[in-house]
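Q: I would like to go through this structure and ask, term by term, what stands behind each description. Could you take it up with me?

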Amino acid sequence: MPRLPDLPTRRPGGGAVQVIAITGGKGGTGKTTVAVNLATALAQAGRRVLLLDGDLGLANVDVLLGLAPTHTLEQVVSGAVRLEEIIQHTPEGVSVVPAASGVARMARLKPAEHAAIVRGFAALPGDYETLIVDTATGIGESVLSFCQAAQQLLLVLRNEPASLTDAYALIKVLSREHQLRSFRVLVNMARSGADACQLFQRLQRVTDRYLEVRLEYAGEIPDDSDVASAVRSQRTVLGAYPGSPAARAYRRLAQDALGWPLPALPSGRLEFFFERLLARPAARLQVVQ
Ligand SMILES: Nc1ncnc2c1ncn2[C@@H]1O[C@H](COP(=O)(O)OP(=O)(O)OP(=O)(O)O)[C@@H](O)[C@H]1O
Ligand SMILES: [Mg+2]
């Protein structure tokens, strides 16, 4: 008989959580790098940040952060461990939910297990203010589910033709089929500010013409060899190379993100993100194993 988490205890002062899904359509645009570095920059700015690995394929977040989780959400679902026991903490103060295989399993939860996960997040200590979700490549059901459950989307674009067309395809399906209207766009591996801005404008021209969406430019992260070096040593660029151009750009992005609006409604609480993620039959997570 699975051990279910205790009944929720409302966190004192536990309020709305800013949920940011990092997405991008195309593979290799830097989604996971952006997720871990934005999470780190926000934590360094004083935010209490939880990072969820939503990539059902490889557990990229763990790899990039040099973490070696012993459990994932899978064991929480089966009742073997409690949610807080699986959470890992980075030296820079980010809490990480190593979720990869567990998220796939979450597609087939029985109602009691589903309720247990949602209660687990409701009762989670830590009083998190921001949840960052790293999503997989493409426009599979899992990506769409995460984007729909989050309130804010940060689309990572890169200067290459396939990145533009894939980003457009993702925005199209999210707006037409899932009624999402507002997207923030970050240009990664930018050669210059002007180049990045032009890329954003190219995307905006097509979305303005064919879709009813609002794109907001979230700035750029420069192409910086220190990012690749940090990835190789399984560290964040903020931790390994705090003076690098990319680290400075991430700190700027985090300062902006601190000003992005927080949800005012009770539905903005952490557990409701998971409720939305797991509830809708139409948005069931694709099982990848
Ligand atoms: N600002 C940058 N400058 C230089 N290289 C970068 C930068 N950001 C990311 N990279 C490189 O791009 C590689 C791919 O990044 P990452 O794994 O974050 O992409 P992804 O979009 O998550 O890929 P996937 O689709 O496989 O999940 C990283 O290993 C890193 O070396
Ligand atoms: Mg990734």
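Q: What makes glutamine 234 worth a remark just after α10?
A: In this predicted model, where local features need pLDDT of at least 70, side-chain atom pairs count only at pLDDT 80 or more and totals for chains, interfaces and linings use all residues, glutamine 234 takes a positive phi of about 55° just after α10. Residues are numbered from 1 along each chain as its sequence is written, chains are lettered from A and ligands numbered from 1 in the order in which they are written, and side-chain values use heavy atoms, with hydrogens and water left out.

Q: What is found at the start of helix α10?
A: A side-chain oxygen of aspartate 224 comes to within 2.9 Å of the backbone nitrogen of aspartate 226 at the start of this helix, residues 225-232. A polar contact is a pair of N or O atoms within 3.5 Å, one able to donate a hydrogen and the other to accept it, and residues adjacent in sequence count only if both atoms are side-chain atoms.

Q: Why is a set of residues called a nonpolar core?
A: The name applies because its members are buried Ala, Val, Leu, Ile, Met, Phe, Trp, Tyr and Cys residues joined through side-chain atoms within 4.5 Å, buried meaning under 20% relative accessible area with a 1.4 Å probe, protein chains only. The largest has 55 residues, and Leu203 and Phe273 are among those that touch the most other members; helix α8 (residues 161-176) gives the most to this core, with seven residues. A second, separate core of 36 residues includes Val227 and Ala249.

Note on methods: Buried < 20%, exposed > 50% of the residue type's maximum accessible area, 1.4 Å probe, protein only. Helix = DSSP H or I, 4+ residues; strand = E, 2+ residues; numbered from the N terminus.
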